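Me: I would like to go through some local details of this structure with you. Could we begin with a single residue and then move on to helix packing?

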Amino acid sequence: MIKADTKTILLADDDEAIVDATVLMFEVMGYEVVHTIQGNNVPEMAITKQPDIVVLDIWMSGIDGRDICRQIKAHPDTRHIPVLMISASRHIGGSALEAGADGFVEKPFEMNTLLDKVEELLRD
Amino acid sequence: MSTQITDHTHFQPLVEASPMPTAIYSGADMIISVANEAMLNLWGKKASVIGKTLREALPELDGQPFHDLLAQVYTTGEPYVAKEGRADLVVDGRLQSFYFTFTYKPLKNAEGQTEAIINTAADVTELVLSRARIRETEERMSFALQSAGMGTWDLNLETNEVIWDDRCKELYGFSKEDRVPYQQVLKYMHTADVERVNRAVAYALTPASGGVYDIKFRTLGADDGKIRWLHCKGNAYFNADGQPYRFAGTALDVTSEAGARRRELQLLSLVERNADHMSIADMEGNLIYMNAAARTILGVDEHEDVTHYTAQDFYQPQEFKRVQQGVIPQIDSEKGWQGVIHLMNRKTHDVIPCQVNYILIKDPQTGEVIGRGATARDLRPELKAKAELQRLATLIDVSEDFCNYCDINGNTLYLNESGRELIGLTEEQYYGKQLYEYHSDASNRLIADELIPQLLKTGRWSGPLELVHQVTGEIIPIHKQMFMVREEITNEPVAIAGIARDLRPELNARKALDVKNAELSALVTEMAFMADSVPVIVWTSTPDGHIDYVNERWNQLSAISIDNSLGTNWTDVIHPDDRQNAWDAWQHSITTGVPFQTEYRCLEKSGNYRWYLVQALPLRDSEGRILKWYGTNTDIQEQKELARQKDNFLGVASHELKTPVTSIKAYAQVMETLFTRSGDTRNAAIVAKMDKQLNRLTSLIGDLLDVTKINTGRLEFHYSHYDFNQMLEEVVESVQLTTEKHAIQKQFKFHRQMQGDRERISQVITNLLTNAIKYSPDANRIVIYTEDHGHEVQLCVQDFGIGISQDKKDRVFEQFYRVSGSKEHTFPGLGLGLYISSEIVKRMGGKIWVNSVEGKGSTFCFAIPVEAPVA
């Protein structure tokens with residue numbers, strides 16, 4: 001099923017149901033998804049897996065997604081990877097961009113909105 | 001020295017050769033032994049007289065002193081010298097007087113006895129006569145000058161000495177013996193004239209002036225101190241080089257002349273400045289003179305020539321005719337005419353009633369009438385004063401106060417109506433009534449012992465007295481003011497005037513007030529007890545906001561005592577973060593009178609702060625004036641904590657609620673995609689409906705979260721620069737997607753960049769648009785428009801729906817408020833949207849409002865600054 005140009009998404013969210021549903025969503029749309037519910041694994045995974053994009057929740061148990069984003073953007077091996085942050089807090093988007101994120105989508109999200117944003121970031 | 005001579009003829013050749021008349025008389029008989037030609041000529045005799053005795057030769061000398069003088073010289077041997085002695089000689093046949101300077105010298109023999117006398121004589125007749133003539137001339141001149149009161153003076157310009165005649169010295173007040181240098185002259189000149197005289201002298205001493213000097217000035221007598229007016233005339237004389245060498249002239253005392261002129265000027269000045277109108281006209285009525293007062297009254301300018309005017313210019317036609325025909329002919333040549341005439345100001349045409357006095361003016365020489373003079377007094381002030389007096393009298397007549405007027409013995413001369421009524425006297429009864437008759441015994445003693453003496457001393461008295469009603473005998477307490485009236489010229493006391501106020505109503509009112517106060521005082525005690533027994537803090541404040549009572553509860557709770565919290569000290573225990581708001585709210589209430597309600601933290605005895613709800617209401621009098629504020633402080637610490645817990649809970653809950661919604665929504669959308677891909681449109685539609693309901697749920701959760709943040713002060717803003725219209729287009733597009741019925745019409749007039757929180761503003765606009773759709777179910781359009789107001793952008797959303805009634809308009813922005821009424825159930829929602837919007841707009845430094853007509857629709861607007869407020 002996976003074609004040569006299939007894009008890989010690294011998805012991190014501490015809620016298993018959200019991870020499950022979102023992975024389903026991306027896979028239905030033909031992406032390959034690597035996921036974790038442990039926020040602090042993400043920088044390491046990004047280095048080893050070299051995904052095409054990271055989709056990162058902000059409020060994860062005990063961890064601030066914005067710090068993770070800063071680490072990705074600070075590391076020479078991962079700083080080129082676009083990061084899209086997601087959160088249930090509507091007004092946190094600004095601070096996500098300040099932390100170096102390339103985009104922000106509010107939860108709960110419209111599937112099209114999320115996919116459009118991912119495609120846009122993959123294009124750039 | 002004596003000479004020894006025997007024969008005197010020896011001298012003859014010597015004597016004859018002398019040009020000076022010389023003769024020798026020999027012996028005691030005085031025989032003319034020698035007489036030269038000159039002497040013979042002098043005598044007017046021939047040589048034949050030689051050899052004769054002198055008596056024979058000149059018989060006319062008898063009775064003259066010469067024989068005796070010669071005899072004396074002959075006897076004593078002492079020579080005699082006479083200067084300008086007079087001798088009457090017969091010359092040319094008539095006796096003439098001559099003057100000689102002559103000597104009789106004795107010629108003595110060897111024994112020293114006088115043998116002869118040698119007589120030399122010089123004829124000085126011409127000299128003596130001319131000198132006499134000069135003296136006569138001088139005397140005549142001096143007499144003339146004296147009779148003219150004129151003195152002469154001569155200033156020697158080399159020595160600067162003034163040569164005066166006696167008269168002149170007299171004019172300056174010097175004595176005849178004084179010698180006066182010019183500088184001293186100036187010293188006795190009137191100081192006001194010195195400068196002028198110096199100038200005149202200096203001018204006279206320049207050739208250009210021709211040397212003419214003519215001036216009048218005053219002197220201050222050096223010896224007598226008198227002021228004299230001198231008229232000095234003189235001339236300076238110049239040498240060939242144009243240098244003045246002599247300056248002389250006359251001085252005339254013109255004191256009386258100057259006095260007359262001055263009197264004339266004083267008189268004219270008196271007339272000119274007289275307060276009354278004064279004018280002179282000729283018999284035809286042509287004006288000749290008008291003084292300043294007349295010019296003012298009649299409207300003639302200060303320097304205008306009055307001779308252009310005739311009397312007619314200053315009357316109204318009818319009055320002119322009356323004066324012309326009825327007054328002028330009646331002016332008596334001795335007594336004149338007095339009466340009232342109405343003059344007219346020629347500028348304003350005001351008619352001025354005047355008391356006029358006409359007199360006829362006669363030529364002092366011929367007695368012929370040459371004009372008439374008028375003095376006129378403007379009667380308006382008098383008439384006004386009279387009218388005012390009349391009004392004053394009326395005022396006293398109708399005054400509600402007791403007004404009386406007694407002669408110095410206390411006999412009542414006047415008592416106004418209120419006075420008569422107060423003491424029960426009729427108009428016929430009061431006159432002559434003794435003031436002691438209508439005052440109480442106590443008052444009468446006071447009047448006699450204290451009041452009258454003080455009136456005599458200071459002219460006035462005021463204080464309480466008692467009147468006695470003349471019918472009922474009732475004692476009436478009054479407050480009286482009395483004045484001593486004195487005769488204007490002699491200052492003798494002539495009458496006593498008084499005004500009195502009936503004190504009964506005041507006393508009654510005071511009594512009633514005392515009763516009321518006692519009742520109130522009891523009530524206050526009761527209230528204070530009640531206030532102390534309630535669990536809340538109760539306080540009162542003066543209308544200007546000063547706390548004047550706090551109940552006992554305060555002492556049990558507060559960190560400071562009641563006494564230390566009065567006035568404005570209560571703010572000391574307010575939490576610093578709440579103090580300014582609390583103070584502002586209180587000031588707002590006491591200035592506007594709106595009920596006071598605020599919440600703040602207050603320092604407890606324990607050192608902790610507790611939350612209080614503080615409320616106060618104003619107590620007003622019947623006219624709406626605030627008498628007092630009544631307030632309470634209610635402990636709301638527990639409610640506050642509960643609210644905080646609730647907010648925390650809601651915050652956590654709404655975030656937690658979103659998490660499952662996110663996954664459900666994601667599953668639903670995946671399902672919809674999969675159904676659509678498999679061509680199962682029916683199931684795809686069902687899942688789409690489910691998704692829409694999830695959106696509603698999301699929106700409600702979002703609102704709850706925002707309200708929580710607002711209430712806990714955690715609403716965050718992220719300012720950035722953004723394109724306002726681009727944001728609008730996005731919002732309108734997304735809202736347009738939710739409705740098929742309404743067309744959203746855009747009218748954008750603001751086309752600039754904004755600085756602000758793009759997300760929050762989107763949220764507000766979204767809210768206004770969705771509300772507009774929600775509350776206009778029967779309409780088919782919504783209008784959104786913007787205006788550029790410079791530093792602000794204004795945005796309005798207009799709908800054509802159910803509208804809002806006037807009384808509820810301002811409440812729509814309150815938390816949980818929902819448009820109520822019969823249709824309430826029709827419109828779902830938590831009632832949080834407008835509250836959130838209004839909070840966001842306010843936080844951005846803007847304002848939000850609504851205009852609405854019930855049944856026609858509403859227009860919601862907000863205006864926010866284009867630039868972010870400086871934090």
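Reply: Certainly. This is a predicted model. Asp691(B) touches Glu110(A), Lys665(B) and Gln669(B), leaving aside residues up to four places away in sequence.

Me: Which helix is Asp691(B) found in?

Reply: Asp691(B) belongs to helix α19 of chain B, residues 681-711.

Me: And is Asp691(B) buried or exposed?

Reply: Asp691(B) has a relative accessible area of 9%, and it counts as buried because the cut-off is under 20%.

Me: Changing topic: at what angle do α20(B) and α21(B) pack?

Reply: Helix α20 (residues 724-736) and helix α21 (residues 758-774), both of chain B, pack at about 40°, and their axes are 10 Å apart. That angle makes α20(B) oblique to α21(B).

Me: What is the handedness of the crossing?

Reply: The crossing of α20(B) past α21(B) is right-handed.

Me: Which residues meet there?

Reply: From α20(B), the participants include Phe724(B), Met727(B), Leu728(B) and Val731(B); from α21(B), they include Ile761(B), Ile765(B), Leu769(B) and Ile773(B). The residues of this contact divide into 10 nonpolar, four polar and two charged.

Me: Now α22(B). Why is it described as largely enclosed?

Reply: Nine of the 11 residues of α22(B), which spans 833-843, are buried, so the helix is largely enclosed by the rest of the structure. Among the buried residues are Leu834(B), Tyr835(B), Glu839(B) and Ile840(B).

Me: What covers them?

Reply: The cover includes α19, α21, β32 (847-853) and β33 (857-865) of chain B.

Me: And what is the phi of Gly845(B)?

Reply: Gly845(B), which follows α22(B), has a positive phi, near 85°.

Note on methods. Residues numbered from 1 in each chain as written. Chains lettered and ligands numbered in written order. Predicted model: local features only at pLDDT ≥ 70, side-chain atom pairs only at ≥ 80, totals over all residues. Heavy atoms only, no water. Axes fitted to C-alpha atoms, helices over the stretch in contact; angles between N-to-C directions. Helix = DSSP H or I, 4+ residues; strand = E, 2+ residues; numbered from the N terminus. Parallel < 35°, antiparallel > 145°, perpendicular 65-115°, else oblique. Left-handed = near helix turned anticlockwise from the far one by under 90°. Contact = heavy atoms within 4.5 Å. Nonpolar A, V, L, I, M, F, W, Y, C, P; charged D, E, K, R; others polar. Buried < 20%, exposed > 50% of the residue type's maximum accessible area, 1.4 Å probe, protein only.
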